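This briefing sets out selected features of the structure shown below. The points are grouped by topic, beginning with strand pairing.

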Amino acid sequence: MWLILKFLESRRNHLRLKERIRLFFEEISLQKGDLSCLNRADLIRVHDGTDSGAPTIAVLCNQGTEVEVLSTGSDLYVEFVANSEWPGQGFKAMFQFQPLDDAPHPEPDKVVPGAVTGNPKHSVIGPAVSATTSLCDIVFNSDSTKTGIVMSPGYPKPYPPRTHCTYDFQGRGKERVQVVFQDLNLYHSPVVSDTANECEGVDSLVAYVHIDRKKEKIDSFCSGKAARPIMSNGPRLSLEFNGITSSRQSRGFKAVYSFIENFGVTTGRQEAQYPCAFVYNSNETRNGTFASPNYPGLYPRDTECHYFFNGQLNERVHLHFHFFDVEGVSPCEAVSASDFVEFSNYMSRDRKYSRHCGQQKEFDVESDRKFFRVTFKSNGRYDGTGFNASYVFMDEEGNYTTKPPSNASTLKGGMALVMLFVSLLLFGRVSL
């Protein structure tokens, strides 16, 4: 069964601002389990445009609640596919048409006062500042700019005491919010431990995402903790800065924020028909690296990414994992609420390869065919650093398909010397 829903810009014949669509899935009850959406008979695809050829910004195939999708323009296309042999409950969603402008927009069940333009000195990052809160409560909207700077009040001068600031980030489409810190210098009393309660009760910066109708903390930073990059699980992210104590040595923090669509994966060619998929072709690059989303920071929750390797007819791909930290317990199934990495010679699941999760030492994986798939899948519970790996395409005999020119020239020169020696031996010029 196929169900097609098309959301088009409302009231096209009226003189109104252009609008975008906010789609909010309140309940999703399709198939149970933790299989990849590639292997599901029932699923929901959301396209950022007028038809199925538009970029895919969400694929939903399991159970869950509170999934928010925001179009980048005035059209949204939803496919509901039900091909399983058993009936399911389905999904419940609400939609809303929103003005396409630079201001933040309230959710339908909340009333928020209007926003005003921020201080001119912040114009480089394009914030909108709430009129009812302090000037350090800022909303960063991807409509204004895709990247910019976020910092504590007065940076690089010391922040004032009893400071509380909230920084809200709002993206569109398949955008995720990534924050990379350039400086983190918060006051820390030597008599207070910042490890027991994850920076509670001390000057800190805390990151939150929205999962199952709640704000969930994904990371916290205080003096003494490394400031690794963070990434949202969807289009929204919040930072809360608590500066309890002021000190002449405490500069606060400075970070670069970005609304990105590549999930922080910088290699391969991104495939538009999936929210997060990257292709590696041997006829383009025969060796290289690939990593989990947001590596070396924590990977985002509720995320599924695919890495497709395509070799020539006589080629196989060899993978070497240099670092591996994926939250879970073997055998990495739903019963243990595990995130996992899955390998397959096919688009479907391949029973030859066991799932990988937990913290593991370096290991290797090889394909049996010219095509190979690596799938990373995280749930909404815990985090890990992810993985960092390299790949190389090899021929069927196990040789690298890329040989350095020096090896070939050395071999050619060596063969020439052998042939010369044999000729001299035949003509009696040399003796053994």
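In this predicted model, one open sheet consists of 4 strands in the order S11-S18-S13-S16, and its pairing is antiparallel. The edges are taken by strand S11 (147–151) and strand S16 (230–231); each has a single partner strand, so one side of each is left without a neighbour in the sheet. Overall, the protein chain contains 1 helix and 28 strands. Of its 432 residues, 47% are buried.

**Open sheets**

- Within the sheet of 4 strands, S11 pairs with strand S18 (residues 252–260) in the antiparallel sense, over 5 bridges. Ile149 has Val256 of S18 opposite to it.
- A further open sheet has 5 strands, ordered S19-S20-S22-S27-S24, with mixed pairing. Strand S19 (269–270) and strand S24 (340–344) are its edges, and each has a single partner strand, so one side of each lacks a neighbour in the sheet.
- S24 runs antiparallel to strand S27 (residues 371–377), and 5 bridges join the two. In this pairing, Phe340 stands opposite Lys377 of S27.

**Strand S12 and its partners**

- Strand S12 (residues 163–170) is mostly covered, with 6 of its 8 residues buried.
- Strand S10 (residues 138–141) runs parallel to S12 and is joined to S12 by 4 bridges. Phe140 has Phe169 in S12 as its bridge partner.
- Strand S17 (residues 236–243) pairs with S12 in the antiparallel sense over 8 bridges. Here Thr163 is opposite Gly243 of S17.

**Surroundings of Glu304**

- Glu304 lies in strand S22 (residues 304–310), a member of the sheet with mixed pairing.
- Which side of the burial cut-off does Glu304 fall on, buried or exposed? Glu304 has a relative accessible area of 15%, and because buried means under 20%, Glu304 counts as buried.
- The side chain of Glu304 places a polar atom 3.0 Å from the backbone nitrogen of Cys37.
- The side chains of Glu304 and Lys377 are joined by a polar contact of 3.1 Å. Lys377 is also the residue of S27 that stands opposite Phe340.
- Leaving aside residues up to four places away in sequence, Glu304 touches Ser36, Cys37, Leu38, Cys276, Thr375, Phe376 and Lys377.

**Internal cavity**

- How many cavities of 30 Å³ or more does a search of the whole structure find? The search finds 1. The volume of the largest cavity is about 70 Å³.
- The lining of the largest cavity is formed by Val209, Ile218, Asp219, Ile230, Met231, Ser232, Asn233, Leu298, Tyr299, Pro300, Arg301 and Asp383.
- Strand S15 (214–221) and S16 each contribute at least two residues to this lining. S16 is also an edge strand of the antiparallel open sheet.
- By residue class, the lining of the largest cavity comprises 7 nonpolar, 2 polar and 3 charged residues.

**Loops and backbone geometry**

- The loop between strand S21 (287–291) and S22 holds Pro296. Tyr295 and Pro296 are joined by a cis peptide bond, with omega about 10°.
- Asp302 is found in the loop between S21 and S22. Its phi is near 50°, a positive value in a residue other than glycine. With a relative accessible area of 41%, Asp302 is partly exposed.
- The loop between strand S23 (315–326) and S24 holds Pro331. A cis peptide bond links Ser330 to Pro331, with omega about 15°.
- Ala337 is located in the loop between S23 and S24. Although Ala337 is not a glycine, its phi is positive, at about 50°. Ala337 is buried, with a relative accessible area of 15%.

**Contacts across the sequence**

- Of the contacts in the protein chain between residues at least 6 apart in sequence, 76% join residues at least 24 apart.
- Val202 and Thr245 are separated by 43 residues in sequence, with a C-alpha to C-alpha distance of 8.3 Å.
- Val202 sits in the loop between strand S13 (176–185) and strand S14 (204–211). Val202 is buried, with a relative accessible area of 9%.

Definitions and conventions
Residues are numbered from 1 along each chain as its sequence is written. This is a predicted model: local features need pLDDT of at least 70, side-chain atom pairs count only at pLDDT 80 or more; totals for chains, interfaces and linings use all residues. Side-chain values use heavy atoms; hydrogens and water are left out. Buried means under 20% relative accessible area, exposed over 50%, partly exposed in between (1.4 Å probe, protein chains only). A polar contact is a pair of N or O atoms within 3.5 Å; within protein, one must be able to donate a hydrogen and the other to accept it, and residues adjacent in sequence count only if both atoms are side-chain atoms. Contact means heavy atoms within 4.5 Å. Two strands pair if DSSP finds at least two bridges between them. On a 1 Å grid over the protein atoms alone, a cavity is a set of points where a 1.4 Å probe fits but cannot get out, and a pocket is an open set with protein on both sides within 12 Å along at least five of seven lines; lining residues have an atom within 4 Å of a point. Grid points are joined across faces, edges and corners, and a volume is the space filled by probe spheres set on the points. Ala, Val, Leu, Ile, Met, Phe, Trp, Tyr, Cys and Pro count as nonpolar, Asp, Glu, Lys and Arg as charged, and the others, Gly among them, as polar.
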